[in-house]
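Subject: Structure for you to look at

Dear colleague,

I am passing on the structure we spoke about, with the sequence alongside. Please open it before reading on.

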Amino acid sequence: MTSDGTILVEHLSKSFGTVRAVDDLSFQVTPGRVTGFLGPNGAGKTTTLRMLLGLVRPTSGAATIGGRTYGQITRPLKTVGAALEASSFHPGRTARDHLRLFAPQVGVPDARADEVIDLVGLSDARDRRVGVFSLGMRQRLALATTLLGDPRVLLLDEPANGLDPEGIRWLRGFLRALAGEGRTILVSSHVLSEVEQTVDDVVIIARGRLAHASSLAELAGMAAPRVRVVSPDPDGLAALVERSGWRRTDAGDPRVAQLLDVTAATVGAAAFAAGVELHELAAQDPGLEGLFLKLVGSTEAGPVEPGSVPPGSVEVSA
Ligand SMILES: Nc1ncnc2c1ncn2[C@@H]1O[C@H](COP(=O)(O)OP(=O)(O)OP(=O)(O)O)[C@@H](O)[C@H]1O
Ligand SMILES: [Mg+2]
């Protein structure tokens, strides 16, 4: 992993007829980190990945990996591992056959097939036909295929799709470990919550345009903090909330207050100073998903193309 695996997308646009799938999109993906590429259905994620892979020609702008377009990379299959949505594996082949067929194209020995099968936890299924694989198993096989060439850059389109909670937890650890080795990992998803615990950085797009790019921590900082307070002294609590000008969103039990836009530390200090007894004081989930929906303008999804591929099918492209 000598040369740089930085992904650079600069003023990238792609029109299909009248549909502007990607619209003046710019962002950067840093090696050694897992980056979530997020946006609702039809936002332009797959189209962007296809342009990075040289499968779709940009209308304008550029998409490069380590300063080169995919076509300029000397041994692309050893540099970039990619799993895109759509199409599928030959159902009659076993997992091992699939990988062994692919190995010479990548330029690695047959034995590498067994290594990557083990890496993705498919050891017990290596000799089973892919046709009987579950969606989660296909995802793992797709991932195994991307790893054949030990690439320093991984582009994964919705890799968590079809994985059960255990599989998602496994993927999380797996991607984190790969990033820890200095690889560049770009993972797309249409739900932030799915990758929230996996990614270091986020690139959020909507209708082909950049909606937000930052570290996940920075994004979380933009979400309104929320605090839940329980007090045996409803009157004291109500007076404190009123005096402090906090926004209270709850109704019902007067001993419980849900507060918006304030931190637990602030509430705790104020309650202590006012002598209001608290039995509970808890910072709540900052509501990242809500923020995500706001950023992408929620309600309206992108245009859905007739005959589009159902989510969940897996194509291995390289
Ligand atoms: N080959 C194509 N021909 C015409 N339109 C296309 C083509 N590929 C994509 N589009 C359109 O471009 C837009 C973006 O599609 P894209 O598949 O990139 O979105 P996405 O973010 O990957 O969505 P999803 O979350 O559903 O996978 C959509 O409106 C889609 O219909
Ligand atoms: Mg897609």
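Below is what was found in it, from the whole chain down to single elements.

Please keep in mind throughout that this is a predicted model. The chain has 318 residues, of which 47% are buried, and its C-alpha trace spans about 75 × 45 × 40 Å along the principal axes. Eleven helices and 14 strands are found in the chain. Among the contacts between residues at least 6 apart in sequence, 71% join residues that are at least 24 apart.

In soluble globular proteins, nonpolar side chains tend to be buried together. Here the largest nonpolar core holds 78 residues, and the members that touch the most others are Ile7, Leu155 and Leu192. Apart from this core lies another one, made up of twelve residues that include Leu240, Ala257, Leu259 and Val262. If neighbours within four places in sequence are left aside, Ile7 is in contact with ten residues' worth of surroundings that include Phe27, Val29, Leu52, Ile65, Val153, Leu155 and Leu186.

Ile7 also belongs to strand β1 (residues 7-16), which pairs with strand β2 (residues 19-29) in the antiparallel sense over seven bridges. Within this pair, Lys14 stands opposite Val22 of β2. The two strands form a hairpin with two residues between them, and in the turn Gly17 has a positive phi of about 60 degrees.

Further along, four strands make an open sheet with antiparallel pairing, in the order β11-β12-β10-β13. Its edge strands, each pairing on one side only, are β11 (247-248) and β13 (280-284). Strand β10 (residues 226-230) is joined to β13 by five bridges, and Arg228 stands opposite Ala282 of β13. Helix α10 (residues 264-274) lies across β10, β12 (256-260) and β13, and runs at about 160 degrees to β13.

Finally, there is a helix pair that you may want to view by itself: α3 (residues 95-106) and α4 (residues 111-119) pack with their axes 8 Å apart, at an angle of about 130 degrees. An angle between 115 and 145 degrees counts as oblique, and α3 and α4 are therefore oblique to each other. Their crossing is right-handed. Where they meet, Ala95, Arg96, Leu99 and Arg100 of α3 face Ala113, Asp114, Val116 and Ile117 of α4.

With best wishes

Notes
Residues numbered from 1 in each chain as written. Chains lettered and ligands numbered in written order. Predicted model: local features only at pLDDT ≥ 70, side-chain atom pairs only at ≥ 80, totals over all residues. Heavy atoms only, no water. Core = buried A, V, L, I, M, F, W, Y, C linked by side-chain atoms within 4.5 Å. Buried < 20%, exposed > 50% of the residue type's maximum accessible area, 1.4 Å probe, protein only. Contact = heavy atoms within 4.5 Å. Pairing = 2+ DSSP bridges. Axes fitted to C-alpha atoms, helices over the stretch in contact; angles between N-to-C directions. Parallel < 35°, antiparallel > 145°, perpendicular 65-115°, else oblique. Left-handed = near helix turned anticlockwise from the far one by under 90°.
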